[in-house]
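Hi everyone, thanks for making the time. I'd like to walk you through one structure today, and I'll start with a small spot and work outwards.

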Amino acid sequence: MEGEQLEYWLRYAVGVYGAATLGLLHPSELSRFSTLLLDDKAAFLAYTGLPPDALLQARMSSGVLRPAYALAVDDRMRRVVLAVRGSLTPADLFTDAVCVARPVAGRGGGALGSAHLGMTQAAENLWADPSPTANRCWPAPR
């Protein structure tokens with residue numbers, strides 16, 4: 001991936017952290033985000049340069065085993081993008097702390113290896129999102 005593309009996609013990874021974090025990371029742009037401090041979705045859209053109708057769904061605050069995320073359509077790159085936020089809040093730290101290994105099965109049922117229990121449960125909770133938008137974008141695991 002070239003530097004320009006990396007920078008493009010990085011805007012999703014950073015933007016999903018919301019307005020307050022964007023203001024801290026980019027103090028020179030603080031005035032741009034300060035009016036959006038209470039609206040993380042608007043800050044995500046402003047930072048990524050997406051129009052409002054591009055954001056299909058978002059949960060900008062997290063819970064234990066329920067990560068914050070934004071699901072958007074990027075018409076310029078012809079992609080649907082799922083940006084999942086990393087650790088930011090105490091709830092995220094509890095997810096991180098569920099760090100025992102969990103066996104992971106392959107498609108044929110055979111063991112592939114093991115994974116971080118908190119992360120796998122958080123991913124399963126994303127797949128289990130009951131909203132119609134999420135159900136259209138990603139099918140339930142089999």
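Okay, find P52 first: this proline sits in the loop that runs between helix 4 and strand 1. One thing to keep in mind while you look is that this is a predicted model.

So, is P52 buried or exposed? P52 is exposed, because its relative accessible area is 64%, and the cut-off for exposed is over 50%. Along the chain, P52 and A72 are 20 residues apart, and in space their C-alpha atoms are 9.6 Å apart.

Now slide along to A54, which lies in that loop between helix 4 and strand 1 as well. A54 is buried, because its relative accessible area is 7% and buried means under 20%. What does A54 touch, once we skip residues up to four places away in sequence? The answer is L71, A72 and V73. Take V73: A54 and V73 are 19 residues apart in sequence, yet 5.0 Å apart from C-alpha to C-alpha.

Let's back up into helix 4, which covers residues 40–48. At its start, a side-chain oxygen of D39 comes to within 3.2 Å of the backbone nitrogen of K41. Inside the helix, the buried residues are A43, F44, L45, Y47 and T48. After helix 4 comes G49, and its phi is positive, near 80 degrees.

Next up, the core. In soluble globular proteins, nonpolar side chains tend to be buried together. Here, the largest nonpolar core has 14 residues, and Y12, F44, L50, L55, A70 and A72 are the ones with the most contacts inside it. Which elements give two or more residues to this core? Those are helix 1 (3–15), helix 4, and then strand 1 (55–59), strand 2 (69–74) and strand 3 (79–84).

L55 is a nice one to click on. Setting aside neighbours within four places in sequence, L55 is in contact with K41, F44 and L45, and also with A70, L71 and A72. There's a second, separate core too, with five residues, among them V14, A19, L22 and A43.

Let me zoom out for a moment. The chain has 142 residues, and 33% of them count as buried. The secondary structure adds up to seven helices and five strands, and read along the sequence the pattern goes α-α-α-α-β-β-β-α-β-β-α-α. If you take contacts with a separation of 6 or more, 38% of them are between residues 24 or more positions apart.

Last stop is a pocket, the second largest one, with a volume of about 160 Å³. It's lined by 15 residues, and the closest to its centre are P67, R85, T95, M119 and A122. Helix 5 (90–97) and helix 6 (117–127) are the elements that give two or more residues to the lining. Which of them gives the largest share? That's helix 6, with four residues. As for chemistry, the lining splits into seven nonpolar, four polar and four charged residues.

While you're on helix 6, look at N125, which lies in it. N125 counts as buried because its relative accessible area is 11%, and the cut-off is under 20%. Leaving out residues up to four places away in sequence, N125 touches L65 and R66.

That's my tour, so let's spin the model around together.

Technical notes:
Residues numbered from 1 in each chain as written. Predicted model: local features only at pLDDT ≥ 70, side-chain atom pairs only at ≥ 80, totals over all residues. Heavy atoms only, no water. Core = buried A, V, L, I, M, F, W, Y, C linked by side-chain atoms within 4.5 Å. Buried < 20%, exposed > 50% of the residue type's maximum accessible area, 1.4 Å probe, protein only. Contact = heavy atoms within 4.5 Å. 1 Å grid on protein atoms, 1.4 Å probe; cavity = no way out; pocket = protein on both sides within 12 Å on 5 of 7 lines; lining within 4 Å. Points joined across faces, edges and corners; volume = space filled by probe spheres on them. Nonpolar A, V, L, I, M, F, W, Y, C, P; charged D, E, K, R; others polar. Polar contact = N/O pair within 3.5 Å; in protein donor to acceptor, adjacent residues only side chain to side chain.
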